[in-house]
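Student: Please give me a close look at the aromatic packing. Then show me how it fits into the core around it.

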Amino acid sequence: NPKILIADEPTTALDVTVQADIMDLLDELREKFNISIILISHNLNLVTERSDRIIVIYAGSIQEIATSEEIVQNPLHPYTVGLMNSLPNIVEEGQKLTAIPGELPDLTEDIKGCCFAPRCAHATERCLKETPELYEINPGHFCRCHLFNGSARISGGARSG
């Protein structure tokens, strides 16, 4: 009777029907045993549909924490915005998906500044030198980005559908 179940990529390489069955099984276990589930996945659609809260991690560092609804409606960190913009939206016909430019940093090397800065369109000199704190932007919504140590916002962050 664990209090927490960690499901690391439980649906990777499975077709959508089997994915749904696995997620339904996890939901049943959660309800039956009154447990919390930590779902680790690269499938952002799956995570946003089946989670209460999301932690977005890039290069081993937490970049954003919020409710699933808040992540979908109001992503703040440039990486989260990029992830959300790379998801297909069934409401928009002819939608162009946006890729995040650049490559992951070499994690065997010491990263100075923000780990996402080399790929970020909003990066400043400060981003390249100083690692940002995890700022609480709204109650329960945290973002590790120098853009949010005040009240700045990234335009185009919200997503509909």
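Tutor: Here is the aromatic packing, followed by the core.

This is a predicted model: local features need pLDDT of at least 70, side-chain atom pairs count only at pLDDT 80 or more, and totals for chains, interfaces and linings use all residues. Residues are numbered from 1 along each chain as its sequence is written, and side-chain values use heavy atoms, with hydrogens and water left out.

The structure holds three aromatic pairs. Rings of Phe, Tyr and Trp (its six-membered ring) pair if their centres lie within 6.5 Å. Planes under 30 degrees apart count as stacked, over 60 as edge-to-face, and the rest as tilted. The pair of Y58 and Y79 is tilted, because the ring centres lie 4.7 Å apart and the planes meet at 55°. This pair links distant parts of the chain. Y58 sits in strand β3 and Y79 in helix α4, 21 residues apart. Helices (H or I, at least four residues) and strands (E, at least two) are DSSP runs, numbered from the N terminus.

Y58 counts as buried, at 1% relative accessibility. Y79 is also buried, with a relative accessible area of 15%. Buried means under 20% relative accessible area, exposed over 50%, and partly exposed in between (1.4 Å probe, protein chains only).

Y58 has another partner. With F116, Y58 forms an edge-to-face pair: 5.1 Å centre to centre, 85° between the planes. Here too the pair links distant parts of the chain. F116 lies in the loop between α4 and α5 (125-129), 58 residues from Y58. Both Y58 and F116 are buried. Y58, Y79 and F116 form one aromatic cluster.

What does F116 touch, not counting residues up to four places away in sequence? F116 touches Y58, H77, P78, Y79 and I100. Contact means heavy atoms within 4.5 Å.

Now the core. The largest nonpolar core has 22 residues. F116 is among those with the most contacts inside this core, along with L39, I71 and M84. Elements that give two or more residues to this core are α1, α2, β3, α3 (68-73) and α4. A nonpolar core is a set of buried Ala, Val, Leu, Ile, Met, Phe, Trp, Tyr and Cys residues joined through side-chain atoms within 4.5 Å. Apart from the largest core lies another, of six residues, among them L76, Y135, I137 and C145.
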